[in-house]
Amino acid sequence: MLAFVAAALSADSEDNGVRLACLRTSVRGDALNRPSRFWAPDRPDLLPQWRTSAERWRNRRRVGYISVEYHSRSRAAAMLPGQDDYAAFSAEDRRLYAELIMHGLAFAWADSALEMQFVRHSDPTGTPWPTPLSAFLTHAPWIPQTAALRATSEGTVFATAGRAWWWHGTQPPPQFLGVVPASLRSRRSAKLVARLGLLGIRSWDDPGTALDRLRHLPDLVQANVHLREGRLAHEIGREYEKAWAQLLPAEGGTRTADGGQPAAPRRLLVTRAGALASLDPAESDETVFVPDPDGAQNRALLDRVPVPVIPVRDRALGGRVHVFLQRRTTFDVQRCGEAAHDIQADGLPVRDAPHVPLTEYAGSWLLTLIAALVEFDEERASRPESVAAADVAGLLHRCDVTVADEAVLWIAGHRLTEHGADRALLHPHPDRPRVVVVHSEPRTGWRVLRTAAPAVAALIGAPYLADSLWKALTKLEERGLKTDHVPEEDLTDVLDLRPHQLHAVLAERASQRSGSARLVPLLACLDLDLAEQLRQRADDFSDRAALLTWLTDRIGAPSAEQLMRLLEDDDRERQLSAISVPLADANRAWRSLGLPEIDNRDRHERHFAAWLQRNRPALAERIRDAYRDVHRSGRSLAGYVKLRDVSLLAPDPAWHTTQWHLSDELLQGHADAWLLKQLPAPSSTSRPLRPRAEVREASSTAVHKQVPRLRQLIEEWERLYPASRPTVLPPAQDVLRELDDDGLLDFEVLSVKALIAWLRARGHWPQDMPLSDRRADLGLAATRPLEPAGSTGGATGGCGPGGSAPGPHVMLNGRLVSARPDDLAALAREVAADLTPKQRATSATSATALAPRIPRPRTSSSSGARSHSGSYQVPASDQDRTLAVGLAGEAAVAAWLQEQFGVEPQDSWKSGLRVHGLAGAQPGDDRLGYDFLIHDGDATYLYEVKASTGDSGEIILGESEVRRASRLKPDETYFIVYVSHVLDRDRRNITVLPNPFGAPDLAGYELVSTQLRLRFNLG
């Protein structure tokens, strides 16, 4: 058999080794654009892999005419002799078959063997289409792969195009990698390279496959235990870092084979205490740490404990990896420099340990030495973030040193002990940073300084200077000098500088003492030429008196004294306001002198987010009104859906350097101009629409009411007319989400007729079932329809206190109401509507001061459900009731926050329960660690809701909530909102509790259990 195949594949045969199969020659354009509809009646057995190959074929293009026929330029399609019998081939037969295929790809086959062309007279370009031969080559496991070193399986394995790896390089491939054997790789040709790419065969040494390698290496380590440590593990780590560097080049952007936006790999390669591991973040709640430019010390510590760290040594690259993962993943990823850590020195907390200022271990020469290392760093230009020599002195003056025999460290929840060997640890603090030096006797000044060198380098933001600083200190000690005085000539020799270079550093320090360097930007706003003179003579002034004298001679005493007073104020806005200079003019002057400009991007983004959150409903209303003609014509609302959340509206970048604050008038004008540019021209004949919020509310109510009824009708009809595949109508909230994705909830109240037509179009209505909800039209008995089990027709239709209701229910204001999923929206609306004036008036920006803790007997965390939220866990039998209680709490808070800030729930509500409540149909995210987000000027408020049917005074924070509450940005405030007696209007109380991580000693809470179950007392 193989001999016959080999003869058929011979390049000497008339058809160059392929045979032709008869093919249907005409295909509708729609089937070419949607390969799943492609049909070849002559060979239906080829269709599955043929269609899949066509969907992924990189040369395929969409044709312009979908309702007419396209014709193949060839009446036959290429196939391989023997491809139908390939499954029966032996390993040796497959190897020989692969050699024949490779010869054909590299030399023998014409392009028509891999691609056919569908065209028509009005579209002569048409589209390329893979042949059955190509479909076989992309799906069959025909590609030999060598066994990697020490692999569990020996010999050659055969892989498909999507799983095989090629190697184009002249150097040997990595030993951990299985690739195509050298005998096949030797058949090099330009044609082969192009065809391998067309078939989807990846090359390990192609930068465009970086993302594929990032996905492959974690799987490889997961499957092969021997690759987790040792030499091969080191090589794998280097290849992983190389792949990240190729995917995220330093010049920006991403590099992929198809040029598209890459999704993050599903699994990550990490190290744990130095050993490689494969991690699926979706299966773990661990924090993944990424190296960063400021995290050198923490990275070294994290490498010693069993936490996942991405193996990247280039810290600048690590910063890019962190940004990439944060934007494209939902798991917790953190910079090494931000890892939680603490230090004890000789048994004392670091803040209480004995210490002395760093400057007491050395004279002023140390500041000069470090400033010179920064200033004359030969690789300064290539550093991701260079350090300003002017900032070094302030940091070193504020730094204290503690010398200890032993230090205990906590890093990411793990304990490490340092004793004996010389080591330094940096404890950063914005006001008084501390360097802890660990070593035994004798403790000389030089030894302390040398040991502290890495920590001091990290303190000034230049960890790469640690070795240079250590060597310079060692050389100075070898000269027999004392630490209190080092002559300038010794510094010059040790640093290999010329005297004038050291003098430049000394002059810079003198300009800092006099204030001349700080005065230049202010003076530039008034007189550019004079500022230029001052900058040239900045090192001529020994003190501020000399500077004042020089300045008075030129601008007069009043102006000179005013500028000197302004040097004491670090606030640029107040400085410029005092001399009546607009920010735009100041930045223009600074730009002329090459001085740093002020960029208010962060402040503006906060202001813009707050304004947009307040004004988004009105903007969305205008967008909706502009698309009313599109809706009435039945055309696609994709343009409306794209614009309606106003996420494309962004602040003008020019504002960042010209405006201190963004006024409402400025922002409204900017939004008006954006809408004018984006929206279709309005029609003067269109009748007005009802308010968008009113329409959405009515449509949502209609869907929640009709879906259970229509589901019952479908079930009855299918019992009467059995179908081969029963139709399952999704829950009401899922139907709402799909309708919202189509933009159909915003224009007019959804009628039953329109809902049924939409359900049919989406495949949620039986194909043969009439488009009607009338029982007579459906052929059903004309009896009154039964209510779905547990349905009350809404939250207000429940039983009295003495009655009972089928299905899950809760007691709301003294009566039973349904807690079934389809009835939760009505429950949320009723709770939100019955807030009392007192509840609505509760302040949302100040937390209640907790009373002194009163010890109580601790109870088991499994004793019952006291508090309810999206993250609270309760007995499985009570899950429906717990969901209703949690939703009631969040609905009450949604209405309360709208009262307090004027922000509608669809803009503030972020948790998963929003789909049942007042926030529209789009899903939320319970992994955020908070339920509501409010932007208010410069402040951002995060609210986590805990609801209770009583007033137990206990809450449980889930892991995501603990993580978020303990990691806040400077402008963020985290509150816990405790809603007690949530289902009783008269007893309900809304209490704003403090962040337990926002003050010492848990902010007044009592720790009830290690899962952070907290008790509080309101007095």
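**Exercise 1. Work out how strands S18 and S22 are joined in this predicted model, and what surrounds them.**

*Solution.*
Step 1: Start with the pair itself. Strand S18 (residues 400-404) and strand S22 (residues 434-438) run parallel, and 5 bridges join them.
Step 2: Pick out one bridge. Asp400 has Arg434 in S22 as its bridge partner.
Step 3: Zoom out to the sheet. The pair belongs to an open sheet of 4 strands, in the order S17-S18-S22-S21, and the pairing is mixed. Strands of a sheet pair through backbone hydrogen bonds, either parallel or antiparallel.
Step 4: Find the edges. Strand S17 (356-357) and strand S21 (423-427) each pair on one side only, which makes them the edge strands.
Step 5: Look for a helix on the sheet. Helix H14 (residues 445-459) packs there and touches S18, S21 and S22. The direction of H14 makes about 35 degrees with that of S21.

**Exercise 2. Another open sheet has the strand order S16-S15-S19-S20. Which strands stand at its edges?**

*Solution.*
Step 1: Check the pairing. In this sheet of 4 strands the pairing is antiparallel.
Step 2: Look for strands with a single partner. These are strand S16 (348-349) and strand S20 (414-419), so one side of each has no neighbour in the sheet.
Step 3: Now try a pair in the sheet. Strand S15 (residues 341-345) and strand S19 (residues 406-411) share 5 bridges in the antiparallel sense. One to look up is Ala345, whose bridge partner in S19 is Ala407.

**Exercise 3. Is strand S12 enclosed or open to the outside?**

*Solution.*
Step 1: Go through the strand residue by residue, using the cut-off that buried means under 20% relative accessible area. In S12 (residues 275-279), 5 of the 5 residues are buried, so the rest of the structure largely encloses this strand.
Step 2: See which way the residues point. Ala275, Ala277 and Leu279 point one way, Leu276 and Ser278 point the other way, and all are buried.
Step 3: Find the partner. S12 pairs with strand S11 (residues 268-272) over 5 bridges, in the antiparallel sense. Arg272 has Ala275 in S12 as its bridge partner.
Step 4: Inspect the turn. S11 and S12 make a hairpin with 2 residues between them, and Ala273 in that turn has a positive phi of about 50 degrees.

**Exercise 4. What kind of aromatic pair do Phe118 and Trp129 make?**

*Solution.*
Step 1: Get the big picture. There are 24 aromatic pairs in the structure.
Step 2: Use the ring geometry. For Phe118 and Trp129, the ring centres are 6.0 Å apart and the planes stand at 90 degrees, so this is an edge-to-face pair.
Step 3: Place the two residues. Phe118 sits in strand S5 (residues 115-120) and Trp129 in strand S6 (residues 123-130), so the pair ties together parts 11 residues apart in sequence.
Step 4: Check burial. Phe118 is buried at 0% relative accessible area, and Trp129 is buried at 0% too.
Step 5: Look for charges over rings. The charged end of Arg120 sits over the Tyr65 ring, 5.8 Å from its centre. Over the face of Trp165 you'll find Arg202, at 3.9 Å from the ring centre.

**Exercise 5. Which strands pair with S29?**

*Solution.*
Step 1: Take the parallel partner. Strand S27 (residues 939-948) runs parallel to S29, with 8 bridges joining the two. Here Tyr941 has Thr973 in S29 as its bridge partner.
Step 2: Take the antiparallel partner. Strand S30 (residues 989-993) is joined to S29 by 5 bridges, and Ser980 stands opposite Asn989 in S30.
Step 3: Check burial. In S29 (residues 972-980), 8 of the 9 residues are buried, so the strand is largely enclosed by the rest of the structure.
Step 4: Spot the rings. Tyr941 belongs to an aromatic cluster with Trp896, Phe901, Tyr943 and Phe975.

**Exercise 6. How do helices H4 and H7 pack?**

*Solution.*
Step 1: Describe the geometry. H4 (residues 91-108) and H7 (residues 190-198) pack at an angle of about 120 degrees, and their axes are 7 Å apart.
Step 2: List the contact residues. From H4 come Met102, Gly104, Leu105, Ala106 and Phe107, which meet Lys191, Leu192 and Arg195 of H7.
Step 3: Sort them by type. The contact has 5 nonpolar, 1 polar and 2 charged residues.

Methods:
Residues are numbered from 1 along each chain as its sequence is written. This is a predicted model: local features need pLDDT of at least 70, side-chain atom pairs count only at pLDDT 80 or more; totals for chains, interfaces and linings use all residues. Side-chain values use heavy atoms; hydrogens and water are left out. Axes are lines fitted to C-alpha atoms, for helices over the stretch in contact, and angles run from 0 to 180 degrees between N-to-C directions. Contact means heavy atoms within 4.5 Å. Ala, Val, Leu, Ile, Met, Phe, Trp, Tyr, Cys and Pro count as nonpolar, Asp, Glu, Lys and Arg as charged, and the others, Gly among them, as polar. Rings of Phe, Tyr and Trp (its six-membered ring) pair if their centres lie within 6.5 Å; planes under 30 degrees apart count as stacked, over 60 as edge-to-face and the rest as tilted. Buried means under 20% relative accessible area, exposed over 50%, partly exposed in between (1.4 Å probe, protein chains only). A charge sits over a ring if NZ of Lys or CZ of Arg is within 6 Å of the ring centre and within 35 degrees of the ring normal. Two strands pair if DSSP finds at least two bridges between them.
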